[in-house]
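Colleague: Hi! Could you walk me through this one?
Modeller: Happy to, here it is.
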Amino acid sequence: MWLYVAVLLVMFVNSVPAQNAAPVHAQPGCAHHPNNDELGRQFQVATQEMQAGNLDAAEHGFLALLRCGPNASAYANLGVVYMRKHDWPAATRALKQAERLDPGMQGIRLNLALVAFRRSRYEEAIPYLQFLVRKEPDAVQPTFLLGLCYFFTDKYGKAALLLDRLWSSQSGDLTYLYVLGLAADKSQQKALSEKAWGRLADVGVNSAQFHMLMGRAFYNRGDPDKAIGEFQTADKIDPDLPFLHYHWGRAYVLINDYQKAKTQFLEDIALEPDIPYAYDELGRVYDKLGDDAAAEKSFQTALKLDSQLAGAYFGLAKIYERRGEVEKALKDIDAALKMDPESNNLHYMRARLLQRSGQEAKAKLEFAEAKRLLEKHRGEDTMERRLANPELNLMTH
C-alpha cells in the first residue's frame, strides 16, 4: 500500500539535521581528558562520519564522547546512527536520553515518532506527531504520518480528515489518494471517498503504479482474481515496479497457489535483494510446500536484513517445533514476542511449547493470554496485520 510512505520516510531519516555539540566536561574514564574544544572536534568528526554513511565509526565516536559526560546532541545523533542501522531498541534508548537532557531539541520528537512508527507502535508515535502538527499545522511529513497512525489504529475518521488537509500539495500522488480513499471508505465519508478515488483514476490512468494500487484494493476486498489481473497489467507497463511482485505473490498465496507465489517472491528478491519482506513471505511459502530447509534459510536471511521481524521468528519456531527442538523454538517465540507482545498466535504457540516442555502452570497462563488477545483484537492477529503492509517498515532503505 505504502510506496509513497517508504519514500517519505527516507526523506525524514536522512534529512534530520546534525545537532550542534553541547558543552561537556571531561569525566573519569574519558580518554586523555580532552578540553571542551577537543570534545567539540570529536563531535564534529563523529557527525561527519555519520553523514558519510560510516555508521560504525560514527557510533564509536559518539560513544567515546558520551564517556566524557552526558551530551544531548551526541545522544540525538547516536539515535540517528542506530536508526540507520535498523537497531530500533538502541535508537529509542539514545533518543530518550537526548529528550531527557534537552526536551526542546530540534528533531527529537520526530525521530522518536519515526522509531515508534517503524516498530509498529502507532499509539506511541501519536503524541509526538500531534505535538508537531499543532506546532506546524501545514507541515506535510508529520501530518501524513499522524494520519497513517490514526489509520492503523482504526481511527479512520480522524485519518481521513487529517489527510484531506494535505489535498492541495499531495493530490497528484497516487498512494496518498489511495490511503485517503480507504480511510474515507472505512469511515463512511462518501463525498471524500468519491473525491479521492475519482482523482486517483484521473491521475493514475495507464500507469503501472495505478494498476498495482488497484490490485491492492481488490486484494483488500477479498478478490484475489481481479487483483492478479491488475498486477499482470502493471507488469506489462513496468515489470520492475517496487513491491509489484511482492503483492502479486501474496495474491497467489490467498488462493493457495504456492508455486506461483514462490515465483513472484523470487522475482521481487531478484529486483531488491536487500529488502527483507519477500524473504519472510517466501519462507512461509516454502513452509506450505513442506520444504523446511528452504523455509529456514529464507527466514534467517530475512532476519539478517531486519532483526525485528516477528513473523520470521515465528516461522523458525514452527520449524523447530516440528523437529522437536522445543528450546530453540521457545527462544525464537520469545524473540518474536519482544517485537509483538499483542500477538495471540505467538502467545498460543508459546503456551503449546511450554506444555511440551512440562511447564504446565506457565502454559496455562499463556493460553489465557492468547484467548484474551484474540478477543481484544476481534480475531485478527496483530502480527498478520503488520505483515500486510511491509512498505511501512522501509524507513531507512
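Colleague: What does asparagine 206 do just after H12?
Modeller: Asparagine 206 takes a positive phi of about 65° there. Bear in mind that this is a predicted model, where local features need pLDDT of at least 70, side-chain atom pairs count only at pLDDT 80 or more, and totals for chains, interfaces and linings use all residues. Residues are numbered from 1 along each chain as its sequence is written, and side-chain values use heavy atoms, leaving out hydrogens and water.
Colleague: And which residues of H12 are buried?
Modeller: Leu192, Ser193, Ala196, Trp197, Leu200 and Gly204 are buried (under 20% relative accessible area, with exposed over 50% and partly exposed in between, using a 1.4 Å probe and protein chains only). They cover an arc of only 120° around the axis, so they sit on the same side of H12; the arc is taken from the directions from the helix axis to the C-beta atoms.
Colleague: Which residues are exposed on the other side of H12?
Modeller: Lys190, Ala191, Glu194 and Asp202.
Colleague: What do the buried residues of H12 pack against?
Modeller: Helices H9 (156-164), H10 (167-170), H11 (174-186) and H13 (208-220), with contact meaning heavy atoms within 4.5 Å. Helices here are DSSP runs of H or I, at least four residues, numbered from the N terminus.
Colleague: New topic: at what angle do H17 and H19 pack?
Modeller: About 25°, with their axes 9 Å apart. H17 and H19 are therefore roughly parallel, the word for angles under 35 degrees. Axes are lines fitted to C-alpha atoms over the stretch in contact, and angles run from 0 to 180 degrees between N-to-C directions.
Colleague: Which residues make the contact?
Modeller: Asp280, Arg284 and Asp287 of H17, and Gly311, Ala312, Lys318 and Arg322 of H19.

Conventions:
Helix = DSSP H or I, 4+ residues; strand = E, 2+ residues; numbered from the N terminus. Parallel < 35°, antiparallel > 145°, perpendicular 65-115°, else oblique.
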